[in-house]
Amino acid sequence: MTTTTPALSQDQLKTLVGQAALQYVVPGEIVGVGTGSTVNKFIDALATIKGQILGAVSSSLASTERLKAIGVPVFDANEVQSLSVYIDGADEIDAKGYMVKGGGAALTREKIVAALAGQFICIADESKLVDALGAFPLPVEVIPMAAAQIQRRFEAMGGQASIRLSGADGQPLVTDNGQHILDVRGLQIREPLAFESTVNQWPGVVTVGVFAHQKASVCLLGTASGVRTLKF
Ligand code: 5RP
């Protein structure tokens, strides 16, 4: 009789990489913490070693709440000069470590905390690994009064941009920074570095969800055969 091991669910893969990320947490230091369902697994794992770290800098109100709930002190980003590591998920990651992020609307604070860190450790299940960025609708945080002109700029590039709505009331979702999110479909992001630079300088763009200038240093990828470590 042969026995087969059931495939791990996406949730189980997220748990695996969340736990694997603990090896990058430096004892005695402050760790940068991202946002999302994969990071939530990391925060769960962090609870087991919370006595070994000074605390965390968080990229969202949601992660701050979770960190405080497990007893991890949360520092303001202005209180720290640098972090050794920032640990966060991604919506897409390619073979060079370039990412699309912001599915959880936290992209601006994620980029700010990532910019403090020496290493960006991306934790993701294998569905996030792509040949080219762009299939996932690209999140862009915008100042509301500029939304329509930014939508037109994306249309001129062949994309379709729509304002993200809040599930609760059907009104535009408001980010932790009081701004709106455009989700842009139909783009092929062939040159992530140039694309990020171009969109970032459009008036009214707060942050574009391409993380190329701040790409991953390492990706812990949850796969059917375990955690694969990709280095970039
Ligand atoms: C939030 C993000 C997340 O890292 C990204 O959306 C991945 O989330 P998840 O781990 O839930 O798949 O960028 O703004």
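Valine 31 sits opposite alanine 56 of strand S2, where strands pair if DSSP finds at least two bridges between them. In this predicted model, local features need pLDDT of at least 70 and side-chain atom pairs count only at pLDDT 80 or more, while totals for chains, interfaces and linings use all residues. Residues are numbered from 1 along each chain as its sequence is written, and side-chain values use heavy atoms, with hydrogens and water left out.

The valine 31 pairing belongs to a parallel match of 4 bridges between strand S1 (residues 30–33) and strand S2 (residues 55–58). Strands here are DSSP runs (E, at least two residues) and helices are runs of H or I with at least four, both numbered from the N terminus. S1 and S2 are part of an open sheet of 7 strands, and reading across it gives S3-S2-S1-S4-S7-S13-S14, with mixed pairing. Its edges are strand S3 (74–75) and strand S14 (226–231), each of which pairs on one side only. Over at the S14 end, strand S13 (residues 218–223) runs antiparallel to S14 over 6 bridges, and valine 218 has lysine 231 as its bridge partner in S14. Just 2 residues make the hairpin that links S13 to S14.

There is also an open sheet of 3 strands, in the order S5-S6-S12, and here the pairing is antiparallel. Strand S5 (92–93) and strand S12 (210–211) are its edges, each pairing on one side only. Strand S6 (residues 99–100) is joined to S12 by 2 bridges, and one of the partnerships puts valine 100 with valine 210.

Turning to charged pairs, side chains of opposite charge can pair when their charged atoms come close. The model has 5 salt bridges, counted when a side-chain nitrogen of Lys or Arg is within 4 Å of a carboxyl oxygen of Asp or Glu. In one of these, lysine 101 meets aspartate 88, with the closest N and O atoms 2.8 Å apart. Lysine 101 is in the loop between S6 and H4 and aspartate 88 is in strand S4 (residues 83–88), so the pair ties together parts that are 13 residues apart in sequence.

On the domain level, the chain splits into domain 1 (10–130 + 213–231) and domain 2 (138–208), with bounds from an automatic or database domain assignment. Their C-alpha centres lie 23 Å apart. Domain 1 puts 14 residues into the contact and domain 2 puts in 19, contact being heavy atoms within 4.5 Å. About 1,300 Å² is buried between the two domains, with carbon and sulfur atoms giving 55% of that; this is the accessible area (1.4 Å probe) that the two parts lose on being put together, summed over both.

A count of 1 salt bridge is found between the domains. Lysine 111 and glutamate 196 meet through their side chains in a salt bridge, at 2.6 Å from N to O. On the domain 1 side that touches domain 2, helix H4 (residues 107–116) gives the most, with 4 residues. By class, that side of domain 1 has 5 nonpolar, 6 polar and 3 charged residues. For this tally, Ala, Val, Leu, Ile, Met, Phe, Trp, Tyr, Cys and Pro count as nonpolar, Asp, Glu, Lys and Arg as charged, and the others, Gly among them, as polar.
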